Amino acid sequence: METLGERIKMLRESVNLSQMELSRRVDISQSAIARYELNKTEPKASDIVKLAEFFGVSADYLLGLSET
């Protein structure tokens with residue numbers, strides 16, 4: 001089962017964005033994105049919403065509760 005960080009990284013890489021570019025587009029610091037991808041911290045609910053909306057996936061998908 002993929003972790004939240006693995007899903008964020010996979011989605012980011014699937015659209016060929018660096019962590020810095022993603023951070024600019026979703027208004028989340030690059031260091032926060034790096035920590036999320038490394039599973040060092042969990043995103044705030046508001047950041048999960050931003051990421052889900054940007055990538056066009058559900059928050060449940062990011063959290064590993066669904067496969068879509």
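This is a short walk through a predicted model, one selection at a time.

Residues are numbered from 1 along each chain as its sequence is written. Because the model is predicted, local features need pLDDT of at least 70 and side-chain atom pairs count only at pLDDT 80 or more, while totals for chains, interfaces and linings use all residues, and side-chain values use heavy atoms, with hydrogens and water left out.

**Stop 1: helix α1**

Select residues 4–14, which form α1. Helices here are DSSP runs (H or I, at least four residues), numbered from the N terminus. Now colour Leu-4, Gly-5, Arg-7, Ile-8, Leu-11 and Arg-12, the buried residues of α1; buried means under 20% relative accessible area, exposed over 50%, and partly exposed in between, using a 1.4 Å probe and protein chains only. Look down the axis: these buried residues fall within an arc of 165°, so they line one face of the helix. The arc is taken from the directions from the helix axis to the C-beta atoms. An α-helix has 3.6 residues a turn, so residues three or four places apart point the same way. What do the buried residues of α1 pack against? Show α2, α3, α4 and α5, and you have the partners. Contact here means heavy atoms within 4.5 Å. Just past the helix, click Asn-16, whose phi is positive, near 55°.

**Stop 2: Arg-7**

Stay in α1 and zoom in on Arg-7. Is Arg-7 buried or exposed? It's buried, with a relative accessible area of 2%. Leaving out residues up to four places away in sequence, Arg-7 touches Glu-2, Tyr-61, Leu-62, Gly-64, Ser-66 and Glu-67. Try a distance too: from Arg-7 to Leu-17, 10 residues along the chain, the C-alpha atoms are separated by 14 Å.

**Stop 3: where α2 meets α3**

Next, select 19–26 for α2 and 30–37 for α3. Their axes come within 8 Å and cross at roughly 115°, which makes α2 roughly perpendicular to α3. Axes are lines fitted to C-alpha atoms, for helices over the stretch in contact, and angles run from 0 to 180 degrees between N-to-C directions; under 35 degrees counts as roughly parallel, over 145 as roughly antiparallel, 65 to 115 as roughly perpendicular and the rest as oblique.

Show side chains for Gln-19, Met-20, Leu-22, Ser-23 and Val-26 in α2, which meet Gln-30, Ile-33, Ala-34 and Glu-37 in α3. By class, that contact has 5 nonpolar, 3 polar and 1 charged residues. Ala, Val, Leu, Ile, Met, Phe, Trp, Tyr, Cys and Pro count as nonpolar, Asp, Glu, Lys and Arg as charged, and the others, Gly among them, as polar.

Keep α3 on screen and pick out its buried residues: Ala-32, Ile-33, Ala-34, Tyr-36 and Glu-37. They pack against α1, α2 and α4.

**Stop 4: the loop after α3**

Move on to Leu-38, in the loop between α3 and α4. At 58% relative accessibility, Leu-38 counts as exposed. Asn-39 also follows α3, and has a positive phi, near 60°.

**Stop 5: helix α4**

Finally, select 45–55, helix α4, and colour Asp-47, Ile-48, Leu-51, Ala-52 and Phe-55, which are buried. Down the axis of α4, they fall within an arc of 135°, so they line one face of the helix. The cover over them includes α1, α2, α3 and α5. Swing round to the face turned away from the buried side for the exposed residues Ala-45 and Glu-53. Just after α4, end on Gly-56, with a positive phi of about 70°.

Definitions and conventions:
Helix = DSSP H or I, 4+ residues; strand = E, 2+ residues; numbered from the N terminus.
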